[in-house]
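User: Please take one spot in this model and look at it closely. Then work outward to the parts around the rest of the chain. Keep it brisk.

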Amino acid sequence: MMAVAGAVGRRQVIIRCDSIPYAFRNVQFKKVANWLRVEASVRIRPLAPWGLPTHLQIEPTNTCNLRCKLCPVSGEMHRPAGFMDFALYKRLLDEIGSYVFLMLFWDWGEPFMHPSAFEMIADAHRRGIQVVSSTNGHLFADPRRADDVIKCGLDTLIFAIDGLSQNTYEKYRGSGDLERALQGIRTVVERKKALRSATPLINFRFIVMKHNEHEVDRLQLFVRKLGADALTLKTLNPRANNTYGNRTSGIEHEEDSLLPLSPSYRRFFYDESGKPVRLKRNPCRNPWNAVTVHWNGRVCPCTYDYDDQFVLGDLKNNSFEKIWKGPEYRAFRDRLRRKDPAHYFCNECSYAFKGGSCIDETVREAVFFKAQ
């Protein structure tokens with residue numbers, strides 16, 4: 001999902017997220033020093049990182065107005081639905097916000113259903129954190145919401161649109177209304193112009209699947225006419241439907257029927273027998289440089305732990321630093337380092353296969369319609 005590069009001597013850091021660069025200039029020395037310690041931790045993989053996370057994923061809510069295929073919210077998720085307490089969010093940023101470069105403001109659910117979503121983003125923005133969020137777009141057909149998302153300081157807004165006709169769109173997005181989602185994009189584009197704002201960057205996100213890959217050739221012209229700033233083509237995760245390994249082996253996965261025919265838009269590389277090529281070790285960076293916090297304050301290793309089965313701590317009970325360096329996190333890092341054969345969660349995730357790194361491989365194409 002993310003990769004980092006920097007010019008530390010000039011206190012400049014560039015972070016690439018989904019092929020989009022985010023530049024940080026005149027960074028405070030303590031933040032640069034923490035980044036250096038964390039990057040060293042990523043390479044050496046100690047049980048406790050030598051710094052605090054430079055990347056943060058926040059789940060404002062796990063409620064949603066759609067029911068998309070493969071999304072746990074549509075049926076696989078068993079944890080309660082709710083909204084993150086604003087005071088808990090601020091307390092977390094008070095503790096680690098001065099070290100965080102990039103925040104992903106979503107995990108499961110539609111983040112802008114949170115009643116304080118714009119205030120939460122504005123708080124992060126004031127702290128020098130660049131924020132990326134994702135939406136299905138339906139809520140932004142309302143000009144008032146469009147104004148709010150522009151004024152709060154959000155850096156990038158991903159519109160998840162996976163079809164150019166209602167028939168194609170609803171095969172994955174279920175009850176979603178394509179025209180309303182597109183109107184959300186048009187409204188944000190119009191209000192950006194009216195408010196003379198350069199942000200948020202509007203990223204039209206298209207997951208390439210078997211039923212929509214015939215539309216790829218039309219995408220650039222379509223998205224350019226909408227007025228979006230960027231188009232990103234993302235691959236479907238073939239390991240998404242059995243995250244915890246609790247399904248019967250050999251069961252036909254629903255995602256198999258969605259995989260595109262074109263090899264260039266399949267996430268993994270496959271051997272001659274048709275099996276995905278496994279890496280010698282999972283290169284995931286998250287346990288050392290990133291953290292995911294669910295709406296209930298539970299700290300999880302990454303976005304794939306949608307059902308809180310690997311909770312590493314609870315912010316309602318402990319400080320983040322105590323959790324980050326605590327025994328549960330240490331044990332989790334140790335299992336990943338040792339390639340524990342019983343650790344299905346990490347051994348079978350997208351990162352464990354060639355082509356499946358969410359750091360730099362899952363977005364296969366990125367097209368920018370304005371200079372970056």
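Analyst:

**N242 and onward**

N242 counts as buried, because its relative accessibility is 10% and the cut-off for buried is under 20%. The model is predicted. N242 lies in the loop between β9 (230–235) and α8. Which side chain does the side chain of N242 meet in a polar contact? The partner is Y344, at 3.2 Å.

Helix α11 spans 344–347, and this helix takes us to a cavity. Three cavities reach 30 Å³ or more. The second largest has a volume of about 90 Å³. Its lining draws at least two residues from each of α8 (286–289), α10 (327–338) and α11. The lining numbers 13 residues in total. Nearest the centre are C284, C302, F332, F345 and C346. What is the make-up of this lining by class? There are 11 nonpolar residues and two polar ones, with no charged residue.

The loop between α10 and α11 holds K339. Its backbone deserves a look. Phi of K339 is positive, near 55 degrees, and the residue is not glycine. K339 is partly exposed, because its relative accessible area is 46%, between the limits of 20% and 50%.

A similar question arises at another loop. Where does R196 sit? R196 is in the loop between α6 and β8. Phi of R196 is also a positive value in a residue other than glycine, near 55 degrees. R196 is exposed, because its relative accessibility of 80% lies over the 50% limit. P200 is in that loop too, between α6 (178–195) and β8 (201–208). The peptide bond joining T199 and P200 is cis, with omega about 0 degrees.

Strand β8 runs over 201–208. Now take D18, whose side chain meets that of R205 in a polar contact of 2.9 Å. D18 belongs to the loop between β2 (12–17) and β3 (20–24). Is D18 buried or exposed? D18 is buried, because its relative accessible area is 8%, under the 20% limit.

Next comes A23, in strand β3. A23 is partly exposed at 32% relative accessibility. Setting aside neighbours within four places in sequence, A23 is in contact with V13, I14 and Q130. The sequence separates A23 from Q130 by 107 residues, yet their C-alpha atoms are 9.1 Å apart.

Strand β6 covers 130–135, and it leads to helix α3. Why is α3 described as largely enclosed by the rest of the structure? The reason is that seven of the 10 residues of α3 (residues 117–126) are buried. Those buried residues are A117, F118, M120, I121, A122, D123 and A124. Their cover includes β6 as well as α2 (86–96), β5 (102–104) and α4 (143–151). After α3 comes G128, with a positive phi near 85 degrees.

F112 also touches this helix. Apart from neighbours within four places in sequence, the contacts of F112 include A117, F118 and I121. S133, S134 and T135 are among the contacts of F112 as well. So are L139, F140, R145, V149, L154 and L157. F112 is a hub of the largest nonpolar core, which has 93 residues; M103, F112 and F204 make the most contacts inside it. A second core is separate and has 17 residues, including C17, F24, V32 and A230.

One last stop is the start of helix α5 (residues 166–173), where Q166 is placed. Q166 is partly exposed, with 31% relative accessible area. What does the side chain of Q166 reach at 2.9 Å? It reaches the backbone nitrogen of L178. A polar contact of 3.0 Å also links the side chains of Q166 and E170. Beyond residues up to four places away in sequence, Q166 touches G176, D177 and L178. Q166 and D177 are 11 residues apart in sequence, with 7.1 Å between their C-alpha atoms.

Definitions and conventions. Residues are numbered from 1 along each chain as its sequence is written. This is a predicted model: local features need pLDDT of at least 70, side-chain atom pairs count only at pLDDT 80 or more; totals for chains, interfaces and linings use all residues. Side-chain values use heavy atoms; hydrogens and water are left out. Helices (H or I, at least four residues) and strands (E, at least two) are DSSP runs, numbered from the N terminus. Buried means under 20% relative accessible area, exposed over 50%, partly exposed in between (1.4 Å probe, protein chains only). A polar contact is a pair of N or O atoms within 3.5 Å; within protein, one must be able to donate a hydrogen and the other to accept it, and residues adjacent in sequence count only if both atoms are side-chain atoms. On a 1 Å grid over the protein atoms alone, a cavity is a set of points where a 1.4 Å probe fits but cannot get out, and a pocket is an open set with protein on both sides within 12 Å along at least five of seven lines; lining residues have an atom within 4 Å of a point. Grid points are joined across faces, edges and corners, and a volume is the space filled by probe spheres set on the points. Ala, Val, Leu, Ile, Met, Phe, Trp, Tyr, Cys and Pro count as nonpolar, Asp, Glu, Lys and Arg as charged, and the others, Gly among them, as polar. Contact means heavy atoms within 4.5 Å. A nonpolar core is a set of buried Ala, Val, Leu, Ile, Met, Phe, Trp, Tyr and Cys residues joined through side-chain atoms within 4.5 Å.
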